[in-house]
Amino acid sequence: MSRPALLEPAPPLSTARTVARVALGAMLHFTGISHQTFARREFIAQVPKSLPLSDDTVVLASGVLELLIGASLIALPRHRVPIGLGTAAFFIAIFPGNVAQYLNGVDAFGLDTDGKRLARLFFQPLLVVWALHSTGSWEWLRAQKHASPTASGEPR
């Protein structure tokens, strides 16, 4: 069995997974807009103080990334595997902001108790799973793991 190439066009998935991918894209697109506009202060409150950039720069940049990721999830279905991997990586990369909000007791987005902030931490892994499952990236990763190295021309 050969390893599927990351950038080769992905075959269609089920309607349910397609809807899940588009819904994730729409959610990220909305969140990206909110970073730039009406929820900017809420997002600024969550930026970990350890980052060497201004809080506003971090919020604006992450909002632009969310806009791009959201649009890509919707508009580029044949390239959804690398986009799904990137989306999962993005969710992992922003997790420290959620941890900082919990550790520093920052109130934002209605998360005004330690219990609510702690509960939110458990939703981030679900976003990673959503990104991997709805794009077929999980299957691609599994195929990479189970493929024969010599079948793709790689030395043993």
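These legends walk through several close-up views of a predicted model.

Residue numbers start from 1 along each chain as its sequence is written, and side-chain values rest on heavy atoms, with hydrogens and water left out. Because the model is predicted, local features need pLDDT of at least 70 and side-chain atom pairs count only at pLDDT 80 or more, while totals for chains, interfaces and linings use all residues.

**View 1. The whole chain: seven helices and zero strands.**
Read along the sequence, the pattern is α-α-α-α-α-α-α. Helices here are DSSP runs of H or I with at least four residues, strands are E runs of at least two, and both are numbered from the N terminus. The C-alpha trace spans about 50 × 30 × 30 Å along its principal axes. Of the 156 residues, 34% are buried; that label means under 20% relative accessible area, with exposed meaning over 50% and partly exposed in between (1.4 Å probe, protein chains only). The protein exposes about 8,900 Å², and carbon and sulfur atoms supply 69% of that area. Those areas come from the Shrake-Rupley method with a 1.4 Å probe, and for residues only the protein chains shown count as cover. As for contacts (heavy atoms within 4.5 Å), take the ones between residues at least 6 apart in sequence: 73% of them join residues at least 24 apart.

**View 2. Aromatic pairs, with two of them up close.**
How many aromatic pairs does the model have? The count is three, using the rule that rings of Phe, Tyr and Trp (its six-membered ring) pair if their centres lie within 6.5 Å. Planes under 30 degrees apart count as stacked, over 60 as edge-to-face and the rest as tilted. Phe30 and Phe38 have ring centres 5.7 Å apart and planes at 50°, so this pair is tilted. Phe30 is partly exposed, at 49% relative accessibility, and Phe38 is exposed, at 58%. Phe90 and Phe91 make a tilted pair too, with 6.1 Å from centre to centre and 55° between the planes. Are Phe90 and Phe91 buried or exposed? Phe90 is buried at 8% relative accessibility, and Phe91 is buried at 2%.

**View 3. The largest pocket, at about 730 Å³.**
Rolling a probe the size of a water molecule over the atoms shows where empty space is left. On a 1 Å grid over the protein atoms alone, a pocket is an open set of points where a 1.4 Å probe fits, with protein on both sides within 12 Å along at least five of seven lines; lining residues have an atom within 4 Å of a point. Grid points are joined across faces, edges and corners, and the volume is the space filled by probe spheres set on them. This pocket has 29 lining residues, and Phe43, Glu66, Ile94, Asn98 and Arg120 are the closest to its centre. Helices α1 (15-36), α2 (40-46), α3 (55-75), α4 (80-103) and α6 (124-135) each supply at least two lining residues. Which helix gives the most? That's α4, with seven residues. By class, the lining has 18 nonpolar, nine polar and two charged residues. Nonpolar covers Ala, Val, Leu, Ile, Met, Phe, Trp, Tyr, Cys and Pro; charged covers Asp, Glu, Lys and Arg; the others, Gly among them, are polar.

**View 4. The second largest pocket, at about 160 Å³.**
Fifteen residues line this one, and Ala10, Pro11, Val81, Gly136 and Trp140 lie nearest its centre. The elements that give two or more lining residues are α4 and α7 (137-146), and α7 gives the most, with three. The lining splits into ten nonpolar, two polar and three charged residues.

**View 5. Trp140, a buried residue of helix α7.**
Trp140 has a relative accessible area of 16%, so it counts as buried. Its C-alpha atom is separated by 7.9 Å from that of Leu6, although the two residues are 134 apart along the chain.

**View 6. Thr135 in helix α6 and Ser34 in helix α1.**
Thr135 is buried, with a relative accessible area of 0%. Not counting residues up to four places away in sequence, Thr135 touches Leu13, Arg21, Leu73, Arg80, Val81 and Gly84. Ser34 is buried as well, at 4% relative accessibility. Leaving aside neighbours within four places in sequence, Ser34 is in contact with Ala39, Arg40 and Phe43.
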